[in-house]
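Biologist: Hello! I would love a close look at one single part of this model, taken slowly and with its surroundings.

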Amino acid sequence: MAETHSSVCPLDCPDTCSLSVTVEDGRITKVDGSQRNPLTDGFICAKVRRYPERVYSDLRILHPLRRTGTKGEGRFERISWEEAIVTITTRLQDILREHGGEAILPYHYGGSNGVLSEGALDARFFHRLGACELEKTICAAPTGTVYRAMYGSMGGVPFPDYRLARAVMLWGVNPSATSIHLVPHIHAARRAGAFVAVIDPRRTPLARSANLHLQLLPGTDVVLALSLVHEFMRRGWADKRFLNEHCNGVDDLAETASTYPPHLAAQICNIDAADILRLAEAYAHASPAVIRCGWGIERNRNGGAAARAILSLPAVAGKFGVRGGGMTMSLSGVAPINKAALARPDLRRGEARRVNMSQIGRALTDTEAPAIRALFVYNANPIAMAPQQNLLLQGLQREDLFTVVHEQVMTDTARFADIVLPATTCFEQEDIKKAYGHYYLQHFRPVISACGEAISNVELFTRLSQAFGFTETELRPTTDELTANALAGSSERLGGADAETLRSQGIVAYHFQGSEDLVQFGNAFPTTASGRVELAAPELGPFAYQPAPASLFPLTLISPASARTINSTFAEFLLREPRLLMHPDDAGTRGLSDGQAIRVFNELGEVHVPLHVSSDIRPGVVSLPKGMWQAASANGQSVTALVPDHVTDIGAGACFNDARVEVAAH
Ligand SMILES: Nc1nc2c(c(=O)[nH]1)N[C@H]1C(S)=C(S)[C@@H](COP(=O)(O)OP(=O)(O)OC[C@H]3O[C@@H](n4cnc5c(=O)[nH]c(N)nc54)[C@H](O)[C@@H]3O)O[C@H]1N2
Ligand SMILES: Nc1nc2c(c(=O)[nH]1)N[C@H]1C(S)=C(S)[C@@H](COP(=O)(O)OP(=O)(O)OC[C@H]3O[C@@H](n4cnc5c(=O)[nH]c(N)nc54)[C@H](O)[C@@H]3O)O[C@H]1N2
Ligand code: SF4
Ligand SMILES: [Mo]
């Protein structure tokens, strides 16, 4: 008999759709959208409709496994949970005794998880153990650090208000793939006569219908944004009253901006100066005007500076204070979730060694620093997703490294584990999901029983805490207690709702001074210490554009999101699909043609895929999709093999779009 259940998409997507899941005889037969979340309004993306294929995939891990082959070979034997827990506990205790907690590294990201399965019991366990603290920098570190310093946790313009805007700037963002529920509102604004500008080296679907597409060189956004500030100041289009009343650091910003007049910016960004002037004028004269700032801007050495300059534009041009005016970046920091009550950093006794996840390959191979002897991976797939794939593989092959991977499917990373543990999917567990593209908190329950012997993260870290003999009650909470911890102190921001309301309704809206509608500088203001916009926050250091050093490899490689996967999730269905996107001029000078087998390479690695020649990308830049599994290329290396591990100017984030490569026939 078919039943339908309410659920929530837990994936790392701003939209966080409410779902309707059909279950027949205990098996999921259909995943569709539901009306429960007004923002996502019943429609979902094609990839999540395929979720049942992942739940019941041949790659699904159903039992604990112990490695029998060499590392990475993928040969395992089934073991019991009891044996798995004893093996892990014994190994970790030995390492702790001989080398201390600094030899144990948890590696996790959790973008595709709810708040109970990342940064909750897992964090408590590793704090209590005294393991290394992972710096979570693989995404949103530069933009997040900058946003907090400039605006604190002030919310952004809600997606539905984009239809009110008279000018929309889509800056380093591709909602047609990465946030589909924003797209109809942009089309509505466009139909009502709004000026739409796209700033992106690629011709994205929205760039095709935009009034202006600035195809700048990757990593030069800071220069473009500063030249806009320069124009606003020079032409009297800056909102002096707003700047006086609400901003600090105006003179510093103006001084830096004065060094980038449009003709110079045009040279550095490799675009037309006339287009910069057109953008400046259209934006300055429109109200409401809104900027959707994406993550494409941050994944290079100038990522932090770019975010600072772009996020200053609505302040300088006086775009706040009207509905539909201002900007939207991640809304994750607005969520009324009590992170400390979940993670309990007070359970840690000493100082932690800190390790930057964006340099995981380096951390596992560094012979100067104390060696990492145990790696515990969950909620992450670093072989596909972290910089310097080949260095990471070298680390993962170390015979003296003990690797545990808790996963849903046999990913590239899981193949390197000594012990693989089966994890439940969102349809087999309870959790709370906050969104980074809207203002609703949602709760979901299991809709089927766990596949095989899979267990949730909460259950795993409870079992491990028990096996370690940790007696603190915080290390064996009930799910009800964890839920209450998550919402501790948030009732007012949830309009009086508590854990019980969230549980029974499944969804609760955030409140801003009593209203569910947010207007920047209407009912939402900066939460910085000064209560003002910090245009030149001292902790961010001086504003600087750093040109990339000369390289033997002339092309810049970017690796943006693909519509068909979410990070590396669902990329298992796309083996051998990815192609390298290259402009006809660059193909011509190399004598390459569409469809040809090529190798794209640099000093770090090489990837063999077919070529796709198209003017959808600007000259000098090539693109591969992010999230490819190793088997997607003919030679078993995927895009992160070409990504260097230098970090961003602010936030020490990964520089995925700052790789230099060359391309040749294969
Ligand atoms: N379908 C799908 N949806 C996703 C994801 C996914 O993998 N697949 N990932 C999710 C996650 S984790 C995130 S963080 C978000 C990311 O959401 P987005 O920011 O929209 O995604 P990206 O593809 O990283 O980058 C957006 C655009 O930036 C451009 N770009 C690259 N370098 C530069 C640059 O230097 N300057 C400028 N101006 N543009 C540049 C790229 O060509 C790309 O079109 O999407 C989320 N949604
Ligand atoms: N080349 C390139 N690489 C990039 C980027 C880029 O732009 N270019 N962008 C980056 C971005 S935006 C991000 S956010 C990161 C993402 O990096 P990751 O978070 O490492 O990537 P995912 O593919 O989302 O991996 C999440 C894994 O967690 C597993 N999982 C899901 N739920 C659970 C659970 O409850 N328990 C356990 N134990 N496991 C679970 C999933 O099966 C999946 O394999 O990658 C970055 N990598
Ligand atoms: S990935 Fe995004 S668009 Fe697709 S179902 Fe999940 S939240 Fe909705
Ligand atoms: Mo991300």
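In which loop is the place of N657, and what surrounds that residue?

Modeller: Happy to walk you through it, with the reminder that this is a predicted model. N657 sits in the loop that runs between β26 (621-623) and β27 (659-665). Although it belongs to a loop, N657 is buried, because its relative accessible area is 10%, and the cut-off for buried is under 20%.

Let's look at what lies around it. Leaving out residues up to four places away in sequence, N657 touches P218, G296, R299 and N300, and also T556, L557, I558 and S559. One of these contacts can be described in finer detail: the side chain of N657 reaches the backbone nitrogen of S559 at 3.0 Å. For a sense of distance, take L441, which is 216 residues from N657 in sequence; the two C-alpha atoms are 32 Å apart in space.

The side chain of N657 also leads us to a ligand. One of its N or O atoms is 3.3 Å from a nitrogen atom of ligand 1. The protein buries 99% of the 900 Å² that ligand 1 exposes when taken alone. Backbone atoms take part here as well: a polar backbone atom of N174 is 2.9 Å from an oxygen atom of ligand 1, and a backbone N or O atom of S562 lies 2.9 Å from a nitrogen atom of that ligand. Around ligand 1 there are 36 residues, of which D200, R202, D221, W295 and T565 come nearest. That shell divides into 17 nonpolar, twelve polar and seven charged residues.

Two of the residues that N657 touches, R299 and S559, take us on to ligand 2. S559 is among the residues that come nearest to ligand 2, together with M385, E407, N457 and S568, out of 27 around it. As for R299, an N or O atom in its side chain is 3.2 Å from an oxygen atom of ligand 2. Two further side chains make polar contacts with oxygen of ligand 2: Q408 at 3.1 Å and S568 at 2.5 Å. On its own, ligand 2 has 920 Å² of accessible area, and the protein covers 97% of it. The shell around ligand 2 is made up of nine nonpolar, 13 polar and five charged residues.

So, back to your residue: N657 is buried, its side chain reaches the backbone nitrogen of S559, and that side chain also has an N or O atom 3.3 Å from a nitrogen atom of ligand 1.

Definitions and conventions. Residues are numbered from 1 along each chain as its sequence is written. Chains are lettered from A and ligands numbered from 1 in the order in which they are written. This is a predicted model: local features need pLDDT of at least 70, side-chain atom pairs count only at pLDDT 80 or more; totals for chains, interfaces and linings use all residues. Side-chain values use heavy atoms; hydrogens and water are left out. Helices (H or I, at least four residues) and strands (E, at least two) are DSSP runs, numbered from the N terminus. Buried means under 20% relative accessible area, exposed over 50%, partly exposed in between (1.4 Å probe, protein chains only). Contact means heavy atoms within 4.5 Å. A polar contact is a pair of N or O atoms within 3.5 Å; within protein, one must be able to donate a hydrogen and the other to accept it, and residues adjacent in sequence count only if both atoms are side-chain atoms. A residue is near a molecule or strand if one of its heavy atoms lies within 4 Å of it. Accessible areas come from the Shrake-Rupley method with a 1.4 Å probe; for residues, only the protein chains shown count as cover. Ala, Val, Leu, Ile, Met, Phe, Trp, Tyr, Cys and Pro count as nonpolar, Asp, Glu, Lys and Arg as charged, and the others, Gly among them, as polar.
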